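These are my notebook entries on one structure, written down in the order in which I looked things up. I wanted to go through burial, strand pairing, charged pairs and internal space, one topic at a time.

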Amino acid sequence: MSQFMDVHHGMKGITADQLLQAHKADLAIEKEEGVRFEKAWADPESGTVYCLSDAPSAEAVQRIHERAGHPADEVHAVPLTA
């Protein structure tokens, strides 16, 4: 499993409840692709949302987000952490 950070743009004005509901939608189906979403962050002012996950591939992360109704604009591998 590798770690990924994905980015969603265009979610200006997102609320804490909307972020939580989107995260829960991912969690409800993540196992079907072998993904484990760890955390999500949002900046309502810029409309940017970030999600950290462990997954077999970037494509698996994207498939979960697409099925949950909020495809990622970017999915980046995170090969190093401190």
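Entry 1, terms. Before reading any accessibility value I fixed the classes: a residue is buried under 20% relative accessible area, exposed over 50%, and partly exposed in between. I also noted that what I have is a predicted model.

Entry 2, a charged pair far apart in sequence. I looked up E33 and found 21% relative accessibility, so E33 counts as partly exposed. I then asked which side chain E33 meets in a salt bridge. The partner is R63, with a distance of 2.9 Å from N to O. R63 lies in helix α2, residues 58-68, whereas E33 sits in the loop between α1 and β2, so the pair ties together parts that are 30 residues apart in sequence. R63 has a relative accessibility of 36% and therefore counts as partly exposed too.

Entry 3, the other charged groups. I counted salt bridges by the rule in use and arrived at 4. Reading on from there, I found R36, E38 and D54 linked in a network of salt bridges. The side chains of R36 and E38 meet at 3.4 Å, N to O, and those of R36 and D54 meet at 2.6 Å, N to O. Since R36 lies in strand β2 and D54 in strand β3, the latter pair ties together parts that are 18 residues apart in sequence. For accessibility I wrote down 44% for R36, which is partly exposed, and 32% for E38, which is partly exposed as well. D54, by contrast, has a relative accessible area of 15%, so D54 is buried.

Entry 4, strand β1 and its partners. I asked how many residues of β1 are buried. The strand spans residues 2-8 and is mostly covered, with 5 of its 7 residues buried. I then followed the pairing: β1 and β3 run antiparallel and are joined by 7 bridges, while β1 and β4, also antiparallel, are joined by 4 bridges. As points of reference I noted that H8 has V49 as its bridge partner in β3, and that D6 stands opposite V75 in β4.

Entry 5, the loop after α2. P71 lies in the loop between α2 and β4, and its relative accessible area of 44% makes it partly exposed. I checked what P71 touches once its neighbours within four places in sequence are left aside, and the contacts are H8, Q62, H65 and E66. I also noted that P71 and H9 are 62 residues apart in sequence but 9.8 Å apart in space, C-alpha to C-alpha.

Entry 6, internal space. The search for cavities of 30 Å³ or more returned 1, and I recorded a volume of about 70 Å³ for the largest cavity. Its lining includes H8 and V49, the bridge partners from my entry on β1, and also H65, one of the contacts of P71. Which element gives the most to this lining? It is α1, with 4 residues; α1 and β3 each supply at least two residues. By class, I noted 7 nonpolar, 4 polar and 1 charged residues in the lining, and D26 is among the residues listed there.

Notes. Residues are numbered from 1 along each chain as its sequence is written. This is a predicted model: local features need pLDDT of at least 70, side-chain atom pairs count only at pLDDT 80 or more; totals for chains, interfaces and linings use all residues. Side-chain values use heavy atoms; hydrogens and water are left out. On a 1 Å grid over the protein atoms alone, a cavity is a set of points where a 1.4 Å probe fits but cannot get out, and a pocket is an open set with protein on both sides within 12 Å along at least five of seven lines; lining residues have an atom within 4 Å of a point. Grid points are joined across faces, edges and corners, and a volume is the space filled by probe spheres set on the points. Ala, Val, Leu, Ile, Met, Phe, Trp, Tyr, Cys and Pro count as nonpolar, Asp, Glu, Lys and Arg as charged, and the others, Gly among them, as polar. Buried means under 20% relative accessible area, exposed over 50%, partly exposed in between (1.4 Å probe, protein chains only). Contact means heavy atoms within 4.5 Å. Two strands pair if DSSP finds at least two bridges between them.
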